[in-house]
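Here is a short note to read alongside the model. Keep the structure open and go through the points in order.

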Amino acid sequence: MKTVKLLDREFRVSIPSEDIDNVIAEMAEKMNKDLAGTNPLFICILNGSFMFASDLMKQITVENAQITFMRLSSYDGMGTTGKVKKLMGFTEDLKDRTVVLLEDIVDTGITITNTLEQIKDYEAKEVLIATMLFKPDALIRDVKLNYVGMEIPNDFIVGRGLDYDGMGRNLPDVYTVIEK
Ligand SMILES: O=P(O)(O)OC[C@H]1O[C@H](OP(=O)(O)OP(=O)(O)O)[C@H](O)[C@@H]1O
Ligand code: HPA
């Protein structure tokens, strides 16, 4: 079993990199069809989404697609603080645009619903949500996800952009914590 130690915790591979590559390719294919002619603005929610956004955007062929970034943070160690801090905003005008929020993971749903709230006043034409991973059993907010790469169990994971106290974002595979 492939494992990795990060700080005080051990993790085991739970989703190989190729499986994630495949679901991202499927998401891109679907978006290329759905979003044709919309001049979409993708918003990558940093930090965790940097790798997903990069892998996805290389496969987006929609004409006039754009990407921008915002940085939010709510996790401390392995748990949500329940409070979403905005650390960096964006300057683009969203008015009358098709906006696609890019998330590495929707877990409790607190971050994504908070983001929707934050951009409500920008009067986008529509706001779609694309997430690489989704934990349905952890969700405590009512939110519609338009593109979901993979549904996963409610366990703490790292890799592919996701971190444990800043560690493990660079791992291409996804790892699940081994409970002590
Ligand atoms: O659905 P939720 O329970 O809100 O969890 C999802 C959010 O948690 C992570 O961000 P985090 O706050 O850890 O910041 P990071 O992206 O910088 O790691 C992840 O990137 C999502 O944005
Ligand atoms: O399982 C997770 N791992 C790392 N970061 C996260 N942010 C939400 N859920 C997770």
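Which element gives the most to the lining of the largest pocket?

1. The answer is β4, with six residues in that lining. Keep in mind that this is a predicted model. Find β4 at residues 66-76 before going on.

2. Start with the largest pocket as a space. About 620 Å³ lies inside it. The lining is made of 30 residues, and those closest to the pocket centre are S74, Y75, D104, D163 and R169. Four elements each give two or more residues to the lining: β3 (41-46), β4, β6 and α3. Sorted by class, the lining has 12 nonpolar, nine polar and nine charged residues.

3. Next, ask what fills this space. Ligand 1 takes up space that is the largest pocket. The space taken by ligand 2 is the largest pocket too. Treat the two ligands in turn.

4. Ligand 1 has 18 residues around it. Of these, S74, Y75, D104, T108 and T111 come nearest. By class, the shell splits into six nonpolar, seven polar and five charged residues.

5. Look now at the polar contacts of ligand 1. Two use the protein backbone. A backbone N or O atom of G48 is 2.8 Å from an oxygen atom of the ligand. For D107, a backbone N or O atom is 2.9 Å from a ligand 1 oxygen atom. D163 uses its side chain instead: one of its N or O atoms there lies 3.1 Å from an oxygen atom of ligand 1. How much of ligand 1 does the protein bury? Taken alone, ligand 1 exposes 490 Å², and the protein buries 94% of that. The elements giving two or more residues to the ligand 1 shell are β4 (66-76), β6 (98-106) and α3 (110-119).

6. Move to ligand 2. Its surrounding residues are Y75, I105, D107, K135, D155, F156, I157, L162 and D163. The class count is five nonpolar, no polar and four charged residues. Note that Tyr counts as nonpolar here, so Y75 goes into the nonpolar group.

7. Which atoms of ligand 2 make polar contacts with D107, K135 and I157? A nitrogen atom of ligand 2 lies 2.7 Å from a polar side-chain atom of D107. An oxygen atom of ligand 2 is 2.8 Å from a side-chain N or O atom of K135. At I157 the backbone takes part: one of its N or O atoms lies 2.6 Å from a nitrogen atom of ligand 2. On its own, ligand 2 exposes 260 Å², of which the protein buries 92%.

8. D107 deserves a second look. Its backbone meets an oxygen atom of ligand 1 at 2.9 Å. Its side chain meets a nitrogen atom of ligand 2 at 2.7 Å. Check both contacts on the screen.

9. Two backbone details remain. What kind of peptide bond joins L46 and N47? The bond is cis, with omega about 0 degrees. N47 sits in the loop between β3 and α2 (50-57).

10. The other detail is at D96. Its phi is near 60 degrees, a positive value in a residue other than glycine. D96 belongs to the loop between β5 (79-88) and β6.

Definitions and conventions: Residues numbered from 1 in each chain as written. Chains lettered and ligands numbered in written order. Predicted model: local features only at pLDDT ≥ 70, side-chain atom pairs only at ≥ 80, totals over all residues. Heavy atoms only, no water. Near = heavy atom within 4 Å. Polar contact = N/O pair within 3.5 Å; in protein donor to acceptor, adjacent residues only side chain to side chain. Areas by Shrake-Rupley, 256 points an atom, 1.4 Å probe, with all protein chains shown as cover. 1 Å grid on protein atoms, 1.4 Å probe; cavity = no way out; pocket = protein on both sides within 12 Å on 5 of 7 lines; lining within 4 Å. Sits in = over half its atoms within 2 Å of the grid points. Points joined across faces, edges and corners; volume = space filled by probe spheres on them.
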